[in-house]
Amino acid sequence: MPVLPTPSFQPPFWMLNGHWETIWPSLFRRVKFQYSTRERLELADGDFVDLDWKLSPRPTKDLVIITHGLEGDASRHYVTGMANLFVQQGFDALGWNCRSCSGEINRLPRFYHHGDAGDLRTVIEHAITGKQYQRIVLVGFSMGGSLTLRVLSENPAWVPAEVKGAVAFSVPCDLYSGVLQLMKPGNQFYTQRFLRKLGKKIKIKSVRFPTIINDHQYHRISNFIEFDNRYTAPLHGYADAIDFYRKASVKPLLHQLQIPALLVQAANDPFLAPECFCEELAKDHAYLHLEITERGGHCGFLQAGSVHTWAEKRALEFVTTQVLTS
């Protein structure tokens, strides 16, 4: 599909730039929404992920599976807001939590990361074989958007017929450029926030697995390259951080995508470098739709005068008009 025309929406007037549009909803947006149940899904390697479900008032075989971003969880505003709108439109909603993100640390030394969509694949298979859903759409934000696109494009032959399409927002499709972007002056606040959250988990795991994980001098880590060299790469089978960024980036896989997917990136997203926007790839792609908004920040997309974000309404529109029309 050609790159779609730039969408137009109006954030609240007092949101002056991409930082405001990123930070304010992350800290202060509240969604009136509660999941119905939590289910623990045991994984083949002995670990687990927790699934948060919200069922439509009327029985349905349509499901939206929503994947959160780095160090997020299924309670994040962008997940619950999306789930809320889809449930209102007759879908069941599943917000799943990556390993270690549901409020309970996972069992194994490893974590989750951009390059491993295996757990999402297991969640999808569970929704089909265990719950008998017949039409499934995927929505992901940031790292969750990366996993969403990866699970569809890494091995297209695997994708079940029940999975009809996907929408991904604020995706660091090229990890190395994204890491460098977060190292720029004015963006380091985000890196430090991530490192603080990850550091709490590293500390717990250093006690549980002292021969594998060491938190000594963790406070000296100042960027993702240092963190990924010390933890992500060795824990997940990569040679170093650069090897991880090269192999875990979803951009090189997107040409293999074979079902409709919408990628939405905000031009003022402080997390994204130009390499993440994938314009050249999308121009001649049969299935990848790309929209670049002028505003929105990172996983923000607040719209003036609406309880729903522009992202939530756009995802529903794409799914109902471009995905579930056949």
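Which backbone nitrogen does a side-chain oxygen of Asn-223 reach at the start of α7? Before I answer, please keep in mind that what we have in front of us is a predicted model. The partner is Ile-225, whose backbone nitrogen lies within 3.0 Å of that side-chain oxygen of Asn-223.

Let me stay with this helix for a moment. Helix α7 covers residues 224–235, and its buried residues are Phe-224, Phe-227, Asp-228, Tyr-231, Thr-232, Ala-233 and Leu-235. What do these buried residues pack against? Their packing partners are α5, at 175–182, α6, at 188–208, and α8, at 241–248. Once the helix has ended, just after α7, we come to Gly-237, which takes a positive phi of about 85°.

The same helix comes up again when we turn to enclosed spaces. A search of the whole structure finds two cavities of 30 Å³ or more, and the largest cavity holds about 390 Å³ of space. It is lined by 24 residues, and the closest to its centre are Leu-70, His-114, Phe-224, Asp-228 and Phe-244. Which helix gives the largest share of that lining? The answer is α7, with five residues, while at least two residues of the lining are supplied by each of α5, α6, α7 and α8.

Alongside this cavity I would like you to look at the largest pocket, which has a volume of about 350 Å³. Twenty residues line the pocket, and those nearest its centre are Ser-26, Arg-76, Arg-193, Phe-194 and Phe-271. The elements that contribute two or more residues to this lining are α1, at 18–28, α2, at 77–88, and α6. Here it is α6 that provides the largest share, five residues.

Now to Ser-146, which has its place in helix α4, residues 143–153. Is Ser-146 buried or exposed? Ser-146 counts as buried because its relative accessible area is 1%, and the cut-off for that word is under 20%. If we leave aside its neighbours within four places in sequence, Ser-146 is in contact with His-114, Val-171, Ala-248 and Val-250. You may remember His-114 from the cavity, where it is among the residues closest to the centre.

Next, the aromatic rings. How many aromatic pairs does the structure hold? There are 22 aromatic pairs, and I will show you two of them. Phe-86 and Phe-91 form an edge-to-face pair, with 5.0 Å from centre to centre and 75° between the planes, and both of these residues are buried. Tyr-176 and Tyr-245, on the other hand, form a stacked pair, at 6.0 Å centre to centre with 25° between the planes. This pair links distant parts of the chain, since Tyr-176 belongs to helix α5 and Tyr-245 to helix α8, 69 residues apart. Tyr-176 counts as partly exposed because its relative accessibility is 37%, whereas Tyr-245, with a relative accessible area of 3%, is buried.

Rings also gather in a group, for Phe-9, Tyr-78, Phe-141, Phe-169, Phe-301 and Trp-310 form one aromatic cluster.

Finally, there are charged side chains that lie over rings. The charged end of Arg-40 sits over the ring of Phe-48, 3.8 Å from its centre, and Lys-54 lies over the face of Phe-33, at 5.8 Å from the ring centre.

Technical notes: Residues numbered from 1 in each chain as written. Predicted model: local features only at pLDDT ≥ 70, side-chain atom pairs only at ≥ 80, totals over all residues. Heavy atoms only, no water. Buried < 20%, exposed > 50% of the residue type's maximum accessible area, 1.4 Å probe, protein only. Helix = DSSP H or I, 4+ residues; strand = E, 2+ residues; numbered from the N terminus. Contact = heavy atoms within 4.5 Å. Polar contact = N/O pair within 3.5 Å; in protein donor to acceptor, adjacent residues only side chain to side chain. Phe/Tyr/Trp six-rings, centres within 6.5 Å; stacked < 30°, edge-to-face > 60°. Lys NZ or Arg CZ within 6 Å of the ring centre and 35° of its normal. 1 Å grid on protein atoms, 1.4 Å probe; cavity = no way out; pocket = protein on both sides within 12 Å on 5 of 7 lines; lining within 4 Å. Points joined across faces, edges and corners; volume = space filled by probe spheres on them.
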